[in-house]
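The following exercises concern contacts, cores, cysteines and the surface of a protein model. Please attempt each task before reading its solution.

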Amino acid sequence: YRKKFESRGFRAGVLYRNIDWFDHLHFEYDMSVPNVGHLDPQHGGCCTVFPYFIGDLLEIPVTMTQDYTLFHILRNYTLDLWERQIQAILSKHGVMNFIVHPDYVTEQGEQSVYKSLLARIADLRRTSGLWTPLPGELNRWWRQRKQMKLVKNGAGWEIEGDGKVRARIAYAHLENDALAYSF
């Protein structure tokens, strides 16, 4: 099916995964590993909100609570949990990767929360410049980013490589016992 549909990415059903098989799938990216999987059918996660490589495959972790878990396990019909996760991920400049199933947002309560989520993401995109790529776009950027180099330029540093106009150098420092960045 990968060849037939010219698919570059993959997500395992129910997030059942075997990372040892990933290289044999011949996809460019996967979205089957949650960052935290304590409420998922297959426990365990990658403990990061950033994409990472498993061999040559880019893993884009599922970083947000799934809709089924939110509505049917936690019985939560508010944006509160997703908003806390959004704030935590934004503070680390990570990736927000949602799974929302059309067959789980059929009732008015679920649709209301989902519409609020979409409005919140649109607001973040409008007010803070949040980048909202499709998985394939994120895959292309992360691969391009991997090829960039940080090089000394006189008293400072610069980025070399394709896509460098979209990249930024961040300097980490402690500010009131917390990690802060300047760009």
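**Exercise 1.** In this predicted model, determine which residues M64 touches, not counting those up to four places away in sequence.

*Solution.* Setting aside the sequence neighbours up to four places away, M64 touches W82, Q85, I86, I89, M96, N97 and F98. Next, consider the largest nonpolar core, which has 17 residues. Within this core, M64, W82, I86, M96, F98 and L117 touch the most other members. Helices α2, α3 (80–91) and α4 (108–128) each give two or more residues to this core. Another core, of twelve residues, lies apart from it and includes Y29, I60, W141 and W142.

**Exercise 2.** Establish how many disulfides the model contains, and explain why C46 forms a bond or not.

*Solution.* A disulfide requires two cysteine sulfur atoms within 2.5 Å. For C46, the closest cysteine sulfur is in C47, at 6.7 Å, and this is too far for a bond. C47 likewise is in no disulfide, since its nearest cysteine sulfur is that of C46, 6.7 Å away. The count is therefore zero disulfides. As to its surroundings, C47 has a relative accessible area of 71% and is exposed.

**Exercise 3.** Identify which residues form the nonpolar patch on the surface, and classify Y68 by its accessibility.

*Solution.* The patch consists of L39, Y68, I73 and L74, which together have about 330 Å² of accessible area. Among these residues, Y68 is located in helix α2 (residues 67–73). The relative accessibility of Y68 is 37%, so Y68 counts as partly exposed.

Definitions and conventions:
Residues numbered from 1 in each chain as written. Predicted model: local features only at pLDDT ≥ 70, side-chain atom pairs only at ≥ 80, totals over all residues. Heavy atoms only, no water. Patch = residues over 30% accessible without salt bridge, like charges linked within 9 Å, V, L, I, M, F, W, Y side chains within 5 Å. Areas by Shrake-Rupley, 256 points an atom, 1.4 Å probe, with all protein chains shown as cover. Salt bridge = Lys/Arg side-chain N within 4 Å of Asp/Glu carboxyl O. Helix = DSSP H or I, 4+ residues; strand = E, 2+ residues; numbered from the N terminus. Buried < 20%, exposed > 50% of the residue type's maximum accessible area, 1.4 Å probe, protein only. Core = buried A, V, L, I, M, F, W, Y, C linked by side-chain atoms within 4.5 Å. Contact = heavy atoms within 4.5 Å.
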